[in-house]
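Hi,

Here is the structure I said I would pass on. Have a look at it first, and my notes on pockets, cavities and the disulfide follow below.

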Amino acid sequence: MVDMRERAAGREAVLLDFESTPDPSAAASAAIAALHRAKADGRLPGVVDLIPAATTILVQGSPPVGVDRLALRRALRAPAPAVSDAEEDQVVIGVRYDGPDLHDVALHLGWTTGAVVASHVQTRWRVEFMGFAPGFGYLVPDDPDDRCPPCELPRRDESRPRVEAGSVAVAAGYSAVYPGASPGGWNLLGHTDFRLWNSADDPPTPLRAGTIVRFADLGEERS
């Protein structure tokens, strides 16, 4: 974390900026996982919220104490514990790959639609950060060396005025599931009945930064 920058964000918050690190996204992801562990263990007194973005983390403290920066640095230096697959925070989402952009994505890549689906399903995804709408998680391949070519396609030239809740989409290196109906410009591969936001639940979404997501193909014949 040598290249991380700490920026004041008001009296009670600190913005951790990883933009100058060799791999900002990976550094921010590792840091938010470490901070969540430290907060759960009581090693970050006064911290009330952690808000990650692609290359930054906003650490919000409670007044009048704010954020203990020494405790923050200790948490970031602490070694990550070994976690088994059984203990891992993981969500499996069943998908029917019948999206309106599936054939166009396959055509653009010169692939079959089955190959596009296989690439999406075989990728192990991680929530990099939450944003855009409640329950909307920006998913990236968990292994930085993994590639999901369908997911690297740009956004559509024109956004749709309405994308239905449960739409499974890819764009610009990310994948996501729309938790509610909204406008959207991502490429739609399919849909799911898996509910990603319910304000009556505690927590209201099963996703948070660091959650592992697997997509499962619910199946149909494709070329």
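**What turned up**

Searching the whole structure gives 1 disulfide. Bear in mind that this is a predicted model. The bond joins Cys-148 and Cys-151, with the sulfur atoms 2.3 Å apart. It is right-handed, with 45 degrees about the S-S bond, and both Cys-148 and Cys-151 are buried.

Now the pockets. The largest pocket comes to about 910 Å³ and has 38 lining residues, with Ser-29, Ala-33, Arg-126, Asp-142 and Gly-210 nearest its centre. Helix 1 makes the largest contribution to that lining, 10 residues, while strand 6 (125-130) and strand 7 (137-141) each supply at least two. Sorted by class, the lining has 19 nonpolar, 6 polar and 13 charged residues. Domain 1 (5-77) and domain 2 (90-217) each provide at least three of the lining residues.

The second largest pocket has a volume of about 290 Å³. Its lining includes His-36, Lys-39, Asp-49 and Arg-208, and strand 3 gives the most, 4 residues. The class split here is 6 nonpolar, 1 polar and 3 charged. Because domain 1 (5-77) and domain 2 (90-217) both contribute to the lining, this second largest pocket lies between them.

As for enclosed space, the search finds 1 cavity of 30 Å³ or more, and its volume is about 30 Å³. Ile-93, Gly-137, Leu-139, Val-177, Leu-196 and Leu-207 line the cavity; by class that is 5 nonpolar, 1 polar and no charged residues. Leu-207 also appears in the lining of the second largest pocket.

Cheers

Definitions and conventions. Residues are numbered from 1 along each chain as its sequence is written. This is a predicted model: local features need pLDDT of at least 70, side-chain atom pairs count only at pLDDT 80 or more; totals for chains, interfaces and linings use all residues. Side-chain values use heavy atoms; hydrogens and water are left out. On a 1 Å grid over the protein atoms alone, a cavity is a set of points where a 1.4 Å probe fits but cannot get out, and a pocket is an open set with protein on both sides within 12 Å along at least five of seven lines; lining residues have an atom within 4 Å of a point. Grid points are joined across faces, edges and corners, and a volume is the space filled by probe spheres set on the points. Ala, Val, Leu, Ile, Met, Phe, Trp, Tyr, Cys and Pro count as nonpolar, Asp, Glu, Lys and Arg as charged, and the others, Gly among them, as polar. A disulfide is a pair of cysteine sulfur atoms within 2.5 Å. Buried means under 20% relative accessible area, exposed over 50%, partly exposed in between (1.4 Å probe, protein chains only). Domain bounds come from an automatic or database domain assignment.
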